[in-house]
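Me: I am new to this structure and would like to know what lies behind the labels used for it. Please show it to me, and then I will ask.

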Amino acid sequence: MKRRYITLLVIFILLIAAIYLWNEKNEESKTRNTIYLTQLSKDVEFLTTTVMLNSIPDTFELYSDEFTEEELSLFKNSLQIINRELSVASVNIEKIEDIDDRDNTLSESIDELRQLFSEIQEDAGKIDKDVFIKISEIAPDYSRKLNDLFYKPSAENIFKKGPDVLEEMNQEIEELIKQDK
């Protein structure tokens, strides 16, 4: 009889321990998701607000076909800063994609945009001012599209549809540059 009580007591203690560990794991998962969403939110905001809404339009609007060599050099330095900002956004989002076992399609799309801006940096001085103005006008539109993906239905959309938005932006900018040549 005593053995039965001891066995039941051990089973009861093990059951309580299992429930405790299960609750602990759920709390850890909730905390991880909160941290993950907070970091993703900061990274998306950096990409859409700092880079696409501010840096690109502000820099591109300054371009002039009549730049001196020194002014053109300063302009190219500004483009290099945009490339660094895009690189930071890509690296940060890639870390989130890796932690969450996702394909790196969003970070790769940002890298493609960064590569396009590297080419623009190299060709600055050969590209017409109107192209820079048009790019400065379309960047905020794509910024809003990415923000809408992140904040409207759910943050998941940024991973599903974000690469398409960035690809569309890339194509539109590439088309503007091709028309200029």
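Me: What makes E168 count as partly exposed?
Reply: This is a predicted model, and in it E168 has a relative accessibility of 37%. Partly exposed covers the range between under 20%, which is buried, and over 50%, which is exposed. The value of 37% falls in that range, so E168 counts as partly exposed.

Me: Why is the contact of E168 with K145 called a salt bridge?
Reply: The closest N and O atoms of E168 and K145 are 3.1 Å apart. The limit is 4 Å between a side-chain nitrogen of Lys or Arg and a carboxyl oxygen of Asp or Glu, so the pair qualifies.

Me: What makes this a link between distant parts of the chain?
Reply: E168 belongs to helix α5 (residues 156-180) and K145 to helix α4, with their positions 23 residues apart in the numbering. K145 is partly exposed, because its relative accessible area is 36%.

Me: How many salt bridges does the structure hold?
Reply: There are 3. One of them joins R144 and D141, with 2.9 Å from N to O. Both residues lie in helix α4 (residues 129-151), 3 residues apart, or about one turn of the helix.

Me: How do you know whether R144 and D141 are buried or exposed, or in between?
Reply: R144 has a relative accessible area of 45%, and D141 has 37%. Buried needs under 20% and exposed needs over 50%, so both residues are partly exposed.

Me: Why does the pair D111 and R114 count as a salt bridge?
Reply: Their closest N and O atoms are 3.8 Å apart. That is within 4 Å, so the pair counts. D111 and R114 are 3 residues apart in helix α3, about one helical turn. D111 is partly exposed at 28% relative accessibility, and R114 is partly exposed at 24%.

Me: What makes F12 fit for a nonpolar patch on the surface?
Reply: F12 has a relative accessible area of 48%. Patch residues need over 30%, so F12 passes that cut-off. L9, F12, I13 and I16 form the patch, with about 400 Å² of accessible area together.

Me: Where does F12 lie, and what is the confidence there?
Reply: F12 is in helix α1. That helix (residues 2-60) has the lowest confidence, at a mean of 77, while helix α3 (residues 105-123) has the highest, at 91. The protein chain averages a pLDDT of 85, and 92% of the residues score at least 70.

Key
Residues are numbered from 1 along each chain as its sequence is written. This is a predicted model: local features need pLDDT of at least 70, side-chain atom pairs count only at pLDDT 80 or more; totals for chains, interfaces and linings use all residues. Side-chain values use heavy atoms; hydrogens and water are left out. pLDDT is the predictor's confidence in each residue, from 0 to 100. Helices (H or I, at least four residues) and strands (E, at least two) are DSSP runs, numbered from the N terminus. Patches are made of residues with over 30% relative accessible area and no salt bridge: like charges are joined within 9 Å, nonpolar side chains (Val, Leu, Ile, Met, Phe, Trp, Tyr) within 5 Å. Accessible areas come from the Shrake-Rupley method with a 1.4 Å probe; for residues, only the protein chains shown count as cover. Buried means under 20% relative accessible area, exposed over 50%, partly exposed in between (1.4 Å probe, protein chains only).
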